[in-house]
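Hi everyone, thanks for making time for this one. Please have the sequence and the structure open while I talk, and stop me whenever you like.

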Amino acid sequence: MSVTFTLNGEEFTAADEPQRRSLLDVLRGEARITSAKDGCAPQGQCGCCTVLVDGKARVACVTPVRRVAGREVTTLEGLEDAVTRQWADALLECGGSQCGFCTPGIVMRLEDCRRKAEAAENAGAAGSADADSAQEARLQRALAAHLCRCTGWQGITEAAVEVLNAGSPTGAGSEGRDDQPRAARNGAGNIDAVARRAALEGGRPQRINGEAVLGRGGFAADTAPRDALIAVPGPDGDWVVGQTMAEVREAAAKVQGRRTTLEAAPPIAAPQGRWDSVLRTSWVEPAYLETDASWCEPGGEPADPLANGGAFGAKSDSPLPAVARRLADEHGRAVLALWSREDSVRHGPKRPPVAMAMNGDGRGIVRVARTDSIADAILVAAPGLEVEQVDVVGPPTSAALRAAGWAEAFCASVAAGAESPLGGIESEAVVVGMPTGATARVEVVQRDGGRILVAVDAGDPLDEAVLRSYVIGAVHMAAGWVCSEGLAVDDAGDVCDLTIRSFGVLGAAAMPPVEVVATGSGGEPVGVGDAVFAATAAALWRHHGFTADWPLRAAVL
């Protein structure tokens, strides 16, 4: 049985056994459409695989391909060039894209949103307060279907408002519009400066340009040879290898991830005694959107799982390149090794949970899940702590994750009123100063609906939009860490929260406005994102009264 539908304006027939496959399987496996990304399949919760079906946004990983028989499917590749250029320009200017993994799906959803807005305008709703309110509500509904780990949402929202207000570049009145890319209209732009700032903040070379916005950042799962075998982990720990994603997932008995009723809770008891501050953290999932993947030719070098994003340190020791190389040599042909979302959660490294107790003199005890190099990281921020590494049954941990250890120690110092080599409270703000010279000043403002003010010195900003994007992204991650993010792990050490929505990553509607000021001295550029992350965590914890256990399960403001 085959299924025929229109794909980007041309008739397309899916090959045999379509009843077992999703639309995403067919798009990526047969049609070689790489803009539709697999961030959580088959959970349907991250929005990275969003396409248009008969003009309406649909999540491809939970859409059986048989459901699109005779219908029209449009992916990012099927939009007019002027439309994709308009979205890419706006997202770049507003800082709404970094690695580019989630943005193609978001663009498709927002394009659907734009078309609905134009329909409402044609119906006579434009120009009124009701129209503005409807646009805001439409945007909130649209972005609620998506997750983004990098940008903190604000740049995405600003880009969406800009494009919605500008209207379609191909619609009525567009004949006189300048269709050159914005970079060309405003001058060539300093591509090297953009790349340098992105590398400083992301911890590795990273492309932030129109191609990356459109999902063409060179992700391993996108660049594997067309005839590559696919490998996924099986239930017994071995790797299952086959021709198609549907085939190997079925052979590996892959099932959709689950969300447990078990609450995320700090796994380590706090030291006994009277302390000026106590902090206990839970297991936390890094929740990078692009799951681990690597491919390799026989005798070749495996593809980098990090591709166009640093994953906040979580993929620095990914085992998949070695797996891809071994399987390619065994099978005598290219092999693409993939982790599903559930695999990444089960096997990927987590931030080490801690239980810290400190007094105002800076002395105290910290108990931390046994992790290489974590003690050295903690003592950078709180040299008066006694570090006790303890064995905790649970998933693997890593000190490579963003500011692991020292950010917790800095927050505990702030709560105890102790001096830290990295800074503390100044007036109404929390200030972090890094040995590199980077500084971040974060203040929580409650008036006028609430907002977070961030002033950074990152030396030469290099590119204001990119710097702002990374700063807001760091605020978003810190806010989720303190207020909402946690991972349920049972007494046997097994992760129970396997759906991407169960991690507590903040959506667009949950983020307050963030105002960023670059106060750079103009000196040597340095990365400032980790300083912003730690300062924001301390400022928000202070805002909520230094309640001991994270996540606080509270709104950000």
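Let's begin with P551, which sits in the segment after α16. This is a predicted model, and in it W550 and P551 are joined by a cis peptide bond, with omega at about 0°. Please keep W550 in mind, since W550 is listed with the residues that have the most contacts inside the largest nonpolar core.

A548 belongs to the segment after α16 too, and α16 itself covers 529–543. Is A548 buried, partly exposed or exposed? A548 counts as partly exposed, because its relative accessibility is 27%, and the buried class ends under 20%. What does A548 touch, once neighbours within four places in sequence are set aside? The contacts are V278, L279, R280 and W541. Take R280 from that list: A548 and R280 are 268 residues apart in sequence, yet their C-alpha atoms are 6.0 Å apart in space.

There is another cis peptide bond to show you, from A41 to P42, with omega near 5°. You will find P42 in the loop between α1 and β3.

Now for the nonpolar core that W550 brought up. The largest one has 114 residues, and L110, M356, F410, V454, V528, V532 and W550 have the most contacts inside it. Which helix gives the largest share of this core? That is α15, residues 464–483, with 11 residues. Separate from this is a second core of 21 residues, which includes L24, V26, C61 and V68.

Let me zoom in on two members of the large core's list. L110, leaving out neighbours within four places in sequence, is in contact with W87, L139, A142, L143, I156 and A160. F410, for its part, is one of the buried residues of α14. How many of the residues in α14 are buried? The helix runs from 406 to 416, and 11 of its 11 residues are buried. That run includes W406 and A416, and also the charged-class residue E408. Just after α14 comes G417, with a positive phi of about 75°.

While we are on positive phi, here are some cases in residues other than glycine. W153 has phi near 80° and sits in the loop between α4 and α5. W153 counts as buried because its relative accessibility is 1%. D448 also has a positive phi, near 55°, and lies in the loop between β16 and β17. Is D448 buried or exposed? D448 is exposed, because its relative accessible area is 72% and the cut-off for exposed is over 50%.

One more positive phi takes us to a hairpin. Strands β14, residues 423–426, and β15, residues 429–433, run antiparallel and are joined by four bridges. G424 has V431 in β15 as its bridge partner. Two residues lie between the strands, and S427 takes a positive phi near 60° in this hairpin.

Let's move on to the empty spaces. How many cavities of 30 Å³ or more does the structure hold? There are two. The largest cavity holds about 120 Å³ of space. Its lining is made of R149, V284, E285, P286, F312, R351, L401, R402, M477, W481, E485 and F533. By class, that lining divides into seven nonpolar, no polar and five charged residues.

The second largest cavity has a volume of about 30 Å³, and here the lining has five nonpolar, four polar and no charged residues. Among the lining residues are S35, A36, T50, P104 and M108. Which element gives the most to this lining? It is α3, with three residues, while β3 also supplies at least two.

Last stop, the second largest pocket, with a volume of about 710 Å³. Of the 42 residues that line this pocket, R28, I230, M245, L336 and L338 are the closest to its centre. Several elements supply at least two lining residues each, including α1, β6, α10 and β10. The lining has 21 nonpolar, seven polar and 14 charged residues.

That's my tour; I'm happy to go back to any part of it.

How values were computed
Residues are numbered from 1 along each chain as its sequence is written. This is a predicted model: local features need pLDDT of at least 70, side-chain atom pairs count only at pLDDT 80 or more; totals for chains, interfaces and linings use all residues. Side-chain values use heavy atoms; hydrogens and water are left out. On a 1 Å grid over the protein atoms alone, a cavity is a set of points where a 1.4 Å probe fits but cannot get out, and a pocket is an open set with protein on both sides within 12 Å along at least five of seven lines; lining residues have an atom within 4 Å of a point. Grid points are joined across faces, edges and corners, and a volume is the space filled by probe spheres set on the points. Two strands pair if DSSP finds at least two bridges between them. A nonpolar core is a set of buried Ala, Val, Leu, Ile, Met, Phe, Trp, Tyr and Cys residues joined through side-chain atoms within 4.5 Å. Buried means under 20% relative accessible area, exposed over 50%, partly exposed in between (1.4 Å probe, protein chains only). Contact means heavy atoms within 4.5 Å.
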